[in-house]
Amino acid sequence: MATATTPVGQDQPTKAVSPPVVFDLSQPPVIEGFSPLPRAKEENFKDKFIRKTKENPFVPIGCLGTAGALIYGLSAFRRGKTRQSQLLMRARIFAQGFTVVAIIVGVAATALKPKQ
């Protein structure tokens, strides 16, 4: 029994090598039937912080309360005032909870606000 041997690659169709696709990251992708909205003006950190603080002022207040209770509580702990340190750590947890609730309420209010 003789087996027929064929050279490798003769029975297989040849595939054309396509050139690599080059993406231009400076431009948005072109999608048929879709036109992107124009970008809003670029805002820096300060402008964004002010805008977000005006939208939900309780989050920065809660963050400052949390940081203040933490710093004051750690300084009381360092001085050896354990009772005051414990009370301030509890105040810190309350301030953290206030901040989380403020974030959740702010997100819900933003989601429920009608689009303009």
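Biologist: What makes the contact between E43 and R51 a salt bridge?

Modeller: In this predicted model, the closest N and O atoms of E43 and R51 are 2.7 Å apart, and because a salt bridge requires a side-chain nitrogen of Lys or Arg within 4 Å of a carboxyl oxygen of Asp or Glu, the pair of E43 and R51 is counted as one.

Biologist: Why is R51 also said to be bridged to E55?

Modeller: The N to O distance between the side chains of R51 and E55 is 3.2 Å, and the cut-off asks for a separation within 4 Å, so this contact is likewise called a salt bridge. R51 and E55 both belong to helix 1, which spans residues 45–55, and they lie four residues apart, about one turn of the helix. Salt bridges with shared partners link E43, R51 and E55 into one network, and by this rule the count comes to two salt bridges.

Biologist: How do you know whether E43, R51 and E55 should be called buried, partly exposed or exposed?

Modeller: Buried means under 20% relative accessible area and exposed means over 50%; E43 stands at 32%, R51 at 33% and E55 at 44%, so each of these values falls in between and earns the label partly exposed.

Biologist: What makes F49 partly exposed, and which nonpolar patch includes this residue?

Modeller: F49, which is placed in helix 1, has a relative accessibility of 46%, and because this value lies between 20% and 50%, F49 counts as partly exposed. Together with F45 and I50, F49 forms a nonpolar patch on the surface, whose accessible area is about 350 Å² for the three together.

Conventions: Residues are numbered from 1 along each chain as its sequence is written. This is a predicted model: local features need pLDDT of at least 70, side-chain atom pairs count only at pLDDT 80 or more; totals for chains, interfaces and linings use all residues. Side-chain values use heavy atoms; hydrogens and water are left out. Buried means under 20% relative accessible area, exposed over 50%, partly exposed in between (1.4 Å probe, protein chains only). Helices (H or I, at least four residues) and strands (E, at least two) are DSSP runs, numbered from the N terminus. Patches are made of residues with over 30% relative accessible area and no salt bridge: like charges are joined within 9 Å, nonpolar side chains (Val, Leu, Ile, Met, Phe, Trp, Tyr) within 5 Å. Accessible areas come from the Shrake-Rupley method with a 1.4 Å probe; for residues, only the protein chains shown count as cover.
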